[in-house]
Amino acid sequence: MIDSTDRGQARAVWHELLVYAADHVPALLLVEAVRHLGAVVRLPRVGYLVNDPEVGKAILEDSGAFTKTGPGSMGSMITQVVGENALMNMEGPAHQALTAKLHDLFSAAYLDVVSRQVLAEPLARLRRELVAGRDVDLVRFMHLLSGKMICHMLGIAVDQKDEDETYERLWSVGARLTAPVGLTTTRLSDTEVAVRRAQFEDLMDHARGSFQRNDPRSDSIIQRLRGLGMSFEEVKGVTAALLTVGTQTVSATVPRAVALLVDTGQLALLRTRRDLRTSAIDEALRYVVPAPIMLRSVEKTSTVAGHEFKAGHRVLILAYNLMKHRRWFPKPRRFDITRQHHRKVKYLWFGAGSHFCLGFNLAYREIGAVLEVLETLPGEVRVVRRRYAHEVLIPTYSSLVVRLDPVAKKKNADDGNPAQLGEQHSAGEVHLGAEADRRKREVGDGRAHAEPAQPQRHEAGSGQGAKGGQE
Ligand code: HEM
């Protein structure tokens, strides 16, 4: 007999399947088919497909032998559209130098202060809307939240009166710019490049003003790079990378994470066990795997755990499969926010080695902030409508409408004013007064954080091991 928990798990599996089926059927079928065929599978015209977490991690950590810039790599296609300096199309000293210039702006301590300033208003708005009994589309909300945050960090000014529309537009231009390419595609056609370049220039129109402002006191990313002597042409690649990745990843993740929590009934558990928030985010990221495939090009023939990779070929690290490896993740299709992830494979959903996700802290900050609102509402949220997205790189919902459960709301209303209950834990509670100077001072304060410590990046040869449809 199926109990309600199993039914919830089955519902979650079903919706997750539909999220992929909406637009990624051939890739989904291929990836599922090769999952049980061994640690590494060689497929003509596609490349080496990696299913094993340890093999995948070893490849990601060896950027001398496996690069993001070789023939057929994603980096080479990124360069075709946005030019150099996009981090994801860089290797070696130039990549290390650019990353080093940005690292403190993505540190937990810095983000702690910035996110309080920037996220407080939208989070308070989310709470108010839900407490008032209104339906909220979490997809649209995440376009706003993630757009606002990354624009602030880059220093892109957005007019308050049409903020929502601007962030929505930035998200959709970013989605078109990063629209998926076929698994066998190794180079974009001229037409494809021209179409994507137009979208790239569209995004850059938003960034140009912020570059031209020339404010040496500003701690925005664009001004910092300008201060280091980079021209606008040189800043464009990294700006486009941050603007697109910073909005697409978290916007795709949060609605799916919330749907998983609601479908499996584990939002109720989280509401009583808030200490589980970080492990709930970890499990959501394992389950959702926002970067389901990582591409590399074999620079020199290498053997990893007994598997030979020949130079000149491509490697597709199937993170989707790594995260379902039974040895590391028993009952992988079970979404369980109390699951303990082994340290060897934990955070592999953020990559490993020198290209480890720069937005690690930012992602935890943004996802955690939304969960905090949902945990502290005067009642449970439920999903009232959902649609699955088409033509997006990261499979997700195009709409996930949630509502505060009226029964729970009424029950809580009997205990006190629901609006007040909500406000007691309001995101507006956080202090908004920190100024730019103070922000700088607070970087490196070593304050306590809900987020886990970020595994350090490491460069190849450092010899230090791992531094790192509608319902
Ligand atoms: C749901 C959250 C996220 C996940 C799961 C994620 C995952 C990843 C992964 C797997 C990589 C490495 C790809 C590879 O090695 O081929 C990566 C790189 C990167 N991520 Fe994230 N990411 C997330 C959010 C963000 C955010 C919010 C930003 C903010 C700007 C960001 C910025 C970057 C950048 C710039 C890189 C390239 C780093 C480099 O090549 O040096 N990510 N991310």
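This is a short conversation about how terms apply to a predicted model.

Tutor: Welcome! Residues are numbered from 1 along each chain as its sequence is written. The model is predicted, so local features need pLDDT of at least 70 and side-chain atom pairs count only at pLDDT 80 or more, while totals for chains, interfaces and linings use all residues.

Student: What makes a residue count as buried, and how many of the 471 residues do?

Tutor: Buried means that 20 or more other C-beta atoms, placed from the backbone, lie within 10 Å of the residue's own (exposed is 12 or fewer, partly exposed in between). In the protein chain, 46% of the 471 residues count as buried.

Student: Why is the largest nonpolar core called a core?

Tutor: Because the term covers buried Ala, Val, Leu, Ile, Met, Phe, Trp, Tyr and Cys residues joined through C-beta atoms within 7 Å. The largest such set has 129 residues, with V50, L154, V258 and A319 having the most contacts inside it. Helix α11 (residues 232-263; a DSSP run of H or I, at least four residues) gives the most, 16 residues.

Student: What makes β1 an edge strand?

Tutor: Strands are DSSP runs of E, at least two residues, and two of them pair if DSSP finds at least two bridges between them. β1 (40-43) pairs on one side only. With β2 (residues 47-50) the pairing is antiparallel over four bridges, so the cut-off is met. In that pair, V40 stands opposite V50.

Student: Which residues surrounding the ligand are the closest?

Tutor: G246, G351, C357, G359 and A363 are the closest of 25 residues (C-beta atom, placed from the backbone, within 6 Å).
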